[in-house]
Amino acid sequence: MNNYKILLFYKYVRVKSPALIVHEHLDWCLQNDIKGRVIFASEGVNGAVSGLNENIEEYKFHLTSYPEFIDLWFKEDDADEHAFKKMHVRLKNEIVHGDVSEHGGKRLSPEALLRLYEEGKDFVIVDARNWYESKIGKFKNAITPTMKNFRDWKKVIDDDLKAYKNKTVITYCTGGIRCEKASAYMVEKGFKDVYQLEGGIVNFIKKFPDTYWEGGMFVFDERRVVNPNSKDELKHIAHCHFCDKPTSYYINCHNVDCDKIIVSCHDCKVANEYCCSEECKASVNKRKIFHG
Ligand SMILES: [Zn+2]
Ligand SMILES: [Zn+2]
């Protein structure tokens, strides 16, 4: 019946007193029937929780009332019931499991990446996100594999990137979480000099907009796309499917049987009733909700 929602979220941010938040947070969740697991650390927050729709709305409001988490964004999914049996809130040193990062690539700060570009160093930079994410934005000269989902990463490494085993390779993703695994797999496969961008694109564009990030950044919340740059030439790298105008905006075709992701400017989106083609426009199985 979809009375429930599942939320996923994480953010790298300096948290002043994570130990205090842990106790308060657990109490709040128990009182409001929120279940799942949330990790707080001085470096940020990482969580997955479920609850009734109205409780989840309260939860988002509650968590974003902390100044550290005011711009936290949530990936949301509908559900019929709780996805978790209990509520765990933990204080840890890292928001991603330590075992993973020990085997992953070395951390590269946004400052260090900027320097590599400025000094014209020889390095390979790879987007560890899905094709529809890198289509609207990427780092300068980045390799953007056509991945449908993260499971395709192994194939990308084994087939497409094996020539770079002895080069300096940097991986990046939205917030740095996917790169833990992405870079760990490369190290495992014998890549000699692997780095992962610390805090991901989010961290870089906050510090250095209008430099080496080109286009928009795909996000999993209702904003859909974040545009960090103000220089015209760095604003968009994608073009409208219909009119070819530069844009970073995209839609899922509202014909439920199609659901294709297409880049579309606002005007064409409206003109085409949120559909990718005349055929889809004529479908009887169209989504009713228009967002964006
Ligand atoms: Zn257009
Ligand atoms: Zn379609």
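Student: In this predicted model, is Glu278 buried, partly exposed or exposed?
Tutor: Good place to start! Glu278 has a relative accessibility of 56%. The cut-off for exposed is over 50%, so Glu278 counts as exposed.

Student: Which residue forms a salt bridge with Glu278, the closest N and O atoms being 3.4 Å apart?
Tutor: Look along helix α11, which covers residues 278-281. The partner sits three residues from Glu278 in that helix, so about one helical turn separates the two. With a relative accessible area of 21%, this partner is partly exposed. The residue is Lys281.

Student: Which residues are joined into one network by salt bridges that share partners?
Tutor: Here, single pairs are not the whole story. Shared partners link the salt bridges into one network, and its members are Glu57, Lys60 and Glu76.

Student: How far apart in sequence are the parts that Lys106 and Asp193 tie together?
Tutor: These two form a salt bridge, with 2.5 Å between the closest N and O atoms. Lys106 belongs to strand β6 (residues 106-108) and Asp193 to strand β10 (residues 193-197), so the parts that the pair ties together are separated in sequence by 87 residues.

Student: Of that pair, which residue counts as buried?
Tutor: Compare each value with the cut-off for buried, which is under 20%. Lys106, at 41% relative accessibility, counts as partly exposed. The partner at 19% counts as buried, and that is Asp193.

Student: Which helix holds the salt-bridge partner of Arg178?
Tutor: Arg178 meets Glu133 in a salt bridge of 3.0 Å, N to O. Both residues are buried. Arg178 lies in helix α7, so the pair ties this part to one 45 residues apart in sequence, where Glu133 lies in helix α5.

Terms used. Residues are numbered from 1 along each chain as its sequence is written. Chains are lettered from A and ligands numbered from 1 in the order in which they are written. This is a predicted model: local features need pLDDT of at least 70, side-chain atom pairs count only at pLDDT 80 or more; totals for chains, interfaces and linings use all residues. Side-chain values use heavy atoms; hydrogens and water are left out. A salt bridge is a side-chain nitrogen of Lys or Arg within 4 Å of a carboxyl oxygen of Asp or Glu. Helices (H or I, at least four residues) and strands (E, at least two) are DSSP runs, numbered from the N terminus. Buried means under 20% relative accessible area, exposed over 50%, partly exposed in between (1.4 Å probe, protein chains only).
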